[in-house]
Structure formats: C-alpha cells, structure tokens
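Please open the model in your viewer and keep the sequence beside it. The tour below moves from one selection to the next, with a short account of what is found at each stop.

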Amino acid sequence: MTMPALRHRTVMLIWLLLLATSMSGARAADGVVVIGHPSVKRLDATIVTRIYTGRVIEVDGVSITAINAPTGTSIRNRFLQVFLNQDEDKYTAYWTVRRYIGKGAPPREMSKSGDIIRFVTSTPGAIGYIEESELQPGLNVLLR
C-alpha cells in the first residue's frame, strides 16, 4: 500500500471512530437530564463524569456541589451507567477507596427529585440530575 493510500485509510478510520463516539454520546441519556444553578454554565459529559467522581470541584471559577439521587433508584442507575459507565457497586467501591485515602466524599444524596430541584435552583454552584419528564420551565439544563 502506498503512503498516500495508507494516510487516507488512517484518516478514514479516525473519522469513523470519531463519528461512532459522537453518536454514542449523542443518544438521549436514557431520560436523564443534568440540571444546575444558573451560575453553572452548560457542561459536557466528561466534566459531569469528573464532577461525580470528585476529580473536578470547580468549573469556570464556580465551586460545584453535586447531588445524587438515592442509591438503588432507577434514575441513579441510569445516570451511573450513561455518564460514569459504572454500576452502583463499582461507584460505591470507588468512593470507599477515595474516602479512605482522604480524597473526599461522594456527592450528597437527596431522596426526591423535588428536593434536588429546589436545592439546585437555590444553591449557587449546585448540580443534580432528574428524569427528563420532571423538567420544569426555567430550569438550567446543563446536559441531556
């Protein structure tokens, strides 16, 4: 194979990989919507993942407070699968280790979506996730 043909083939493979990656990230997040206080600007999936794993605590100069749905709920399981590519056991184990080595604590849990919405809308820097069906006018949608 000639060098230009090899280069063309490599470019095509990279393009196909990028297309496949963007398509998998573009799917509706299984009805999960990340919302935030108006002080938080739109986020991408990578930043959301880093926030919920304690690796990012500030975005654009705004200190972030993440809120989780309760353990075992359908919304939390979908959030963990779609955004963190983890299940509850892996997520709990991850935070057990981080807490043990002094690298923080997992995001606080709130039992009802209404509580999450109230907290997020009234607390600067707060983010959380809810069912898409629970979206209300005026909520700051950070990521779908």
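Which residues do ring pairs link into a cluster? In this predicted model, the residues joined in that way are Y52, F79, F83 and Y129, and they make a good place to begin.

Select Y52 and Y129 to start with. Their ring centres lie 5.8 Å apart and their planes stand at 65 degrees, and because angles over 60 degrees count as edge-to-face, the pair is put in that class. The two residues come from distant parts of the chain, with Y52 in helix α2 (residues 45–52) and Y129 in strand β6, 77 residues apart. Y52 has 0% relative accessibility and so counts as buried, and Y129, at 1%, counts as buried too.

Now add F79 and F83, whose rings form a tilted pair, with 5.2 Å from centre to centre and 40 degrees between the planes. Both lie in helix α3 (residues 74–84), where they are 4 residues apart, about one turn of the helix. In an α-helix there are 3.6 residues a turn, so residues three or four places apart point the same way. F79 and F83 are both buried.

Next, move along strand β6 to I130, which counts as buried because its relative accessibility is 1%. Leaving aside neighbours within four places in sequence, the contacts of I130 include V32, V33, I75, I116, I117 and L139. Of these, I75 is worth a separate look, since I130 and I75 are 55 residues apart in sequence, yet their C-alpha atoms are 7.0 Å apart in space.

From I116 and I117, widen the selection to helix α5 (residues 113–122), whose buried residues are I116, I117, F119 and V120. The cover over these buried residues includes β1 (32–36), β4 (65–68), β5 (108–109) and β6 (126–131).

Strand β4 leads on to the second largest pocket, which has a volume of about 160 Å³; β4 and α4 (88–100) are the elements that give two or more residues to its lining. That lining has 14 residues, and I51, I57, I64, A66 and A105 lie nearest the centre of the pocket. By class, the lining is made up of 9 nonpolar, 3 polar and 2 charged residues.

Finally, show the whole protein chain, which has 5 helices and 7 strands. Buried residues make up 35% of its 144 residues, and among contacts with a separation of 6 or more, 69% are between residues 24 or more positions apart.

How values were computed. Residues are numbered from 1 along each chain as its sequence is written. This is a predicted model: local features need pLDDT of at least 70, side-chain atom pairs count only at pLDDT 80 or more; totals for chains, interfaces and linings use all residues. Side-chain values use heavy atoms; hydrogens and water are left out. Buried means under 20% relative accessible area, exposed over 50%, partly exposed in between (1.4 Å probe, protein chains only). Contact means heavy atoms within 4.5 Å. On a 1 Å grid over the protein atoms alone, a cavity is a set of points where a 1.4 Å probe fits but cannot get out, and a pocket is an open set with protein on both sides within 12 Å along at least five of seven lines; lining residues have an atom within 4 Å of a point. Grid points are joined across faces, edges and corners, and a volume is the space filled by probe spheres set on the points. Ala, Val, Leu, Ile, Met, Phe, Trp, Tyr, Cys and Pro count as nonpolar, Asp, Glu, Lys and Arg as charged, and the others, Gly among them, as polar. Rings of Phe, Tyr and Trp (its six-membered ring) pair if their centres lie within 6.5 Å; planes under 30 degrees apart count as stacked, over 60 as edge-to-face and the rest as tilted.
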